[in-house]
Amino acid sequence: MGSRIPLIALGVLLAAAAVLGAGGCGSSSGTVSTGTGQIAILLTDQAGEFEQVLVTVAEVRVHRDGGGWVTVADKAAIDAFITQPVDLLSLRDVEKLIGVASLPAGRYTQLRLVLLPQAEVVLPGGAHQPLKIPSGPQTGLKALNFTVPDGEVVYLLIDIETDRITHTDGGANEYILPPTAISVTVFNGPFGMLRGAVSPPDSEAAVTAYWAGTNVPVAQMTINPDGTYAIPDLLDGWYYLLVSAVGYEPFDSRPALYEVVPSGITDVPLITLTPLPPPTP
């Protein structure tokens, strides 16, 4: 069975795709218990009556049952995943990864999304108005009850519903993002799988899956001796593959993308690597 190299790690882009120990992004047969799991934070939005809604995410933290707060992503890490301030309306029907981390396995009871106060809405016609975020860092404080299993990955989807922004017509003339406009959904399966084969089989190629539209690696497998590979425990969505091997040209599947569906197996066409030309004498 090919070895799996998990790539979900806090600051994965800043740390040049830092690799965690065995356990990985989800479970697979033969994984070694590490006492840790993985968490990935995704951001999305519902449609609102604005041209833009601009916010800056400063921090995401979760609270462990019986323990303290754990930072999933600080601003520097989040800035590596998205350009800030982020226009929430650009996230309609899109789930954007904004942070990943390795956490102690166990139960977690709260999530805190910290938004900076320098937020604004852009009205039809182009006028900019401040967007008030009541309660400051407490705006995104949400009671949750989810478990991070040993050696598995949990996805938290934060939905900021811009269609619930309120407007006061009084003297203040304020636009307000109420705490009730922020919700969190927990996903911990069922997951899907990508599988296929690489030729030549003795290339010892590494196959890396990326979320479509990003440069964020999700998981990596080395091929089996017969050239086959399988990447399990992927959240449903679209992915592309990069394949690398010593002595061969890198392979990028784009523009081809592969859809992963819950509890499904997606077969990828055979990938044939091209040998690098011999060095010039």
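This briefing walks through the main features of the protein shown above.

The model is a predicted one. Its 281 residues include one helix and 24 strands. Buried residues make up 48% of the protein. If you look at contacts between residues with a separation of 6 or more, 73% of them join residues 24 or more positions apart.

**The surface and the core**

- The accessible surface of the protein comes to about 12600 Å², and carbon and sulfur atoms account for 54% of that area.
- In soluble globular proteins, nonpolar side chains tend to be buried together.
- Here, the largest nonpolar core has 77 residues, and the members that touch the most others are Leu111 and Leu241.
- The element that gives the most to this core is strand 12, residues 153-161, with seven residues.
- Leu111 is a good place to start exploring: leaving aside residues up to four places away in sequence, its contacts include Ile41, Val60, Val62, Trp69, Leu141 and Leu144.
- Leu156 and Ile158 are also among the residues that Leu111 touches, as are Gly140, Lys142 and Val184.

**A six-stranded sheet**

- One open sheet has six strands in the order 6-3-9-10-14-13, and its pairing is mixed.
- Strand 6 (86-87) and strand 13 (166-167) stand at the edges with a single partner strand each, so one side of each has no neighbour in the sheet.
- Strands of a sheet pair through backbone hydrogen bonds, in either a parallel or an antiparallel way.
- Strand 3 (residues 52-55) pairs with strand 9 (residues 119-122) in the antiparallel sense, over three bridges. To find this pairing, look for Leu54, which stands opposite Glu120 in strand 9.
- Strand 9 also pairs with strand 10 (residues 128-132) in the antiparallel sense, here over four bridges. Ala119 has Leu131 in strand 10 as its bridge partner.
- Strand 9 and strand 10 form a hairpin with five residues between the strands. Within this hairpin, Gly125 takes a positive phi near 105°.
- Moving on along the sheet, strand 10 pairs with strand 14 (residues 175-176) in the parallel sense, over two bridges. On this side, Leu131 stands opposite Tyr175 in strand 14.

**The largest pocket**

- The largest pocket has a volume of about 250 Å³.
- Its lining is made up of 13 residues. Those nearest the centre of the pocket are Val94, Glu95, Trp211, Ala212 and Trp238.
- Strand 7 (96-104) and strand 20 (237-244) each supply at least two residues of this lining.

**Two cis peptide bonds**

- A cis peptide bond joins Gln84 and Pro85, with omega about 0°. You will find Pro85 in the loop between helix 1 (75-79) and strand 6.
- The peptide bond from Ser199 to Pro200 is also cis, and its omega is near 5°. Pro200 sits in the loop between strand 16 (192-199) and strand 17 (206-211).

**Loop residues with positive phi**

- The loop between strand 16 and strand 17 also holds Glu204. Phi of Glu204 is near 55°, a positive value in a residue other than glycine.
- Glu204 counts as exposed because its relative accessibility is 67%, and the cut-off for exposed is over 50%.
- Ser263 lies in the loop between strand 22 (258-260) and strand 23. Its phi is near 60°, again a positive value in a residue other than glycine.
- With a relative accessible area of 59%, Ser263 is exposed.

**A buried threonine in strand 23**

- Thr266 belongs to strand 23 (residues 265-267).
- With a relative accessible area of 14%, Thr266 is buried, because buried means under 20%.
- Not counting residues up to four places away in sequence, Thr266 touches Met193, Leu194 and Arg195, along with Tyr258, Glu259 and Val260.

Methods: Residues numbered from 1 in each chain as written. Predicted model: local features only at pLDDT ≥ 70, side-chain atom pairs only at ≥ 80, totals over all residues. Heavy atoms only, no water. Pairing = 2+ DSSP bridges. Buried < 20%, exposed > 50% of the residue type's maximum accessible area, 1.4 Å probe, protein only. Contact = heavy atoms within 4.5 Å. Areas by Shrake-Rupley, 256 points an atom, 1.4 Å probe, with all protein chains shown as cover. Core = buried A, V, L, I, M, F, W, Y, C linked by side-chain atoms within 4.5 Å. 1 Å grid on protein atoms, 1.4 Å probe; cavity = no way out; pocket = protein on both sides within 12 Å on 5 of 7 lines; lining within 4 Å. Points joined across faces, edges and corners; volume = space filled by probe spheres on them.
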